[in-house]
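Open the model in your viewer and show side chains as sticks. This tour goes through selected charged pairs, one stop at a time.

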Amino acid sequence: MEQVSGGGPLAAHVTAAAAELLAAIARASKDSWPEAGGVAAQAESLRDRVAPLAEMTAQAYEHALAAEGGDYELGRAYARAAEPPLRIAEAATAVSELAAHVAEYALPALRADAVSAGLVAAGCARAAAELVAVNLTMSAQDQRVRRADFLAEEAARASELARAARE
């Protein structure tokens, strides 16, 4: 079977790109927004936090696919594979929340771009939550599944706040 990069790496890369866009918007708004420099630094920190998760997600899933043994060993391998997507969901939610702030205070001409970054990040949080649930399919009530779903819902709410701030 040919290896495919997968949804986890995609969600990590796209979340990192959304964070980078927010950093650029904040930097462009520094003349009219006193806290723009700090917001840009926060966005860059989020980008730096989520970017390595692309490779971590792919490796953890490859290890899960290659796992051998009984149910316990396989369950542990897939539980480990759920951790990087959960971290992606956390970062994507933070990017969505930051996008709402940027959409409120950035230059008016750039606010729609901040909204777009928030919407994209919210989609990444939802995608990552799905991967957590799939990897923990035997444990639908697992707290990590519930946490990932909660994060995706929070990201969706934040992206709607970004839209409202733009209007």
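Three classes of accessibility are used here: buried is under 20% relative accessible area, exposed is over 50%, and partly exposed lies in between (1.4 Å probe, protein chains only). This is a predicted model, in which local features need pLDDT of at least 70, side-chain atom pairs count only at pLDDT 80 or more, and totals for chains, interfaces and linings use all residues. Residues are numbered from 1 along each chain as its sequence is written, and side-chain values use heavy atoms, with hydrogens and water left out.

Start with Arg163, which is partly exposed at 33% relative accessible area. Add Glu160, also partly exposed, at 40%. Their side chains form a salt bridge, 3.3 Å from N to O (a side-chain nitrogen of Lys or Arg within 4 Å of a carboxyl oxygen of Asp or Glu). Both residues belong to helix α6, residues 143-166, and sit three residues apart, about one turn of the helix; helices are DSSP runs of H or I with at least four residues, numbered from the N terminus.

Next, select Arg144 and Asp142. A salt bridge joins their side chains at 2.6 Å, N to O. Asp142 is buried, with 14% relative accessibility, whereas Arg144 is partly exposed at 21%.

Move on to Arg47 and Asp48, whose side chains meet in a salt bridge of 2.9 Å, N to O. Arg47 is partly exposed at 24%, and so is Asp48 at 48%. Now extend the selection to Glu20, Arg27 and Glu44: together with Arg47 and Asp48 they are linked in a network of salt bridges.

Finally, select the whole structure, where a search finds ten salt bridges.

Notes
Helix = DSSP H or I, 4+ residues; strand = E, 2+ residues; numbered from the N terminus.
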